[in-house]
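Take a look at the model below. We will walk through it step by step, beginning with one detail and then widening the view.

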Amino acid sequence: MPRSNRPRRAGSAKTGSGKGAAPGKSKAPGAKHGPAPELDLERARSGFARRESAPDGEWMVRSITASRAEKTYICPGCSTAVLPGIAHLVVWSEDHLFGAAAGLAERRHWHTNCWTSRSYRYR
């Protein structure tokens with residue numbers, strides 16, 4: 001039988017949350033630990049690093065939201081401060097000469113615009 005894509009009513013017998021259910025609690029077979037904590041979408045979106053390929057190497061880039069930016073850093077692109085409360089990027093080399101751990105240890109905080117507009121010219 002094909003499944004129905006229509007939403008079910010809140011008091012439906014199939015959902016297990018009839019009139020006798022406690023608020024916030026579910027009587028579903030897999031719900032043993034109570035209600036799930038609220039998901040912080042801003043933290044979930046900014047927590048993962050992405051890989052970027054450029055003529056100057058392979059880079060791992062992690063975005064930091066304004067609410068998570070707590071310290072002052074110097075941007076290597078423009079040599080000015082990345083102030084607390086400013087959204088920015090944390091960048092490290094994935095193909096570092098001494099390995100990935102050394103690349104991670106040498107990570108730098110960039111303004112988003114400085115990172116996207118950096119030049120690849122070799123001096």
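Start at Arg 118. Its charged end sits over the ring of Trp 115, 3.5 Å from the ring centre. Keep in mind that this is a predicted model.

Now stay with Trp 115. Is this residue buried or exposed? Trp 115 has a relative accessible area of 2%. Buried means under 20%, so Trp 115 counts as buried.

Which rings does Trp 115 meet? The count of aromatic pairs comes to 2. In one of them, Trp 59 and Trp 115 form an edge-to-face pair. Their centres are 5.6 Å apart, with 80° between the planes. This pair links distant parts of the chain. Trp 59 lies in strand 2, while Trp 115 lies in helix 3, residues 112-116. The two are 56 residues apart. Trp 59 is buried as well, with a relative accessible area of 18%.

Trp 110 also pairs with Trp 115. Here the ring centres are 5.1 Å apart and the planes stand at 75°, so this pair is edge-to-face. Trp 110 is buried, and so is Trp 115. Put the pairs together, and Trp 59, Trp 110 and Trp 115 are linked into a cluster.

Next, follow Trp 59 into its strand. Strand 2 covers residues 57-64 and runs antiparallel to strand 5, residues 88-93. How many bridges join strand 2 to strand 5? There are 6 bridges. One residue to find is Ile 64, whose bridge partner in strand 5 is His 88. Strands of a sheet pair through backbone hydrogen bonds, either parallel or antiparallel.

Strands 2 and 5 belong to an open sheet of 4 strands. The order is 1-2-5-6, and the pairing is antiparallel. Which strands form the edges? They are strand 1 (50-54) and strand 6 (108-110), and each pairs on one side only. Neighbouring strands of this sheet are turned by 35° against each other on average, direction ignored.

Now step back to the whole chain. The protein chain has 3 helices and 6 strands. Along the sequence, they follow the pattern α-β-β-β-β-β-α-β-α. The chain has 123 residues, and 20% of them are buried. Its accessible surface comes to about 9900 Å². Carbon and sulfur atoms account for 55% of that surface. Finally, consider contacts between residues at least 6 apart in sequence. Of these, 45% join residues at least 24 apart.

Conventions:
Residues are numbered from 1 along each chain as its sequence is written. This is a predicted model: local features need pLDDT of at least 70, side-chain atom pairs count only at pLDDT 80 or more; totals for chains, interfaces and linings use all residues. Side-chain values use heavy atoms; hydrogens and water are left out. Buried means under 20% relative accessible area, exposed over 50%, partly exposed in between (1.4 Å probe, protein chains only). Contact means heavy atoms within 4.5 Å. Accessible areas come from the Shrake-Rupley method with a 1.4 Å probe; for residues, only the protein chains shown count as cover. Two strands pair if DSSP finds at least two bridges between them. Axes are lines fitted to C-alpha atoms, for helices over the stretch in contact, and angles run from 0 to 180 degrees between N-to-C directions. Rings of Phe, Tyr and Trp (its six-membered ring) pair if their centres lie within 6.5 Å; planes under 30 degrees apart count as stacked, over 60 as edge-to-face and the rest as tilted. A charge sits over a ring if NZ of Lys or CZ of Arg is within 6 Å of the ring centre and within 35 degrees of the ring normal.
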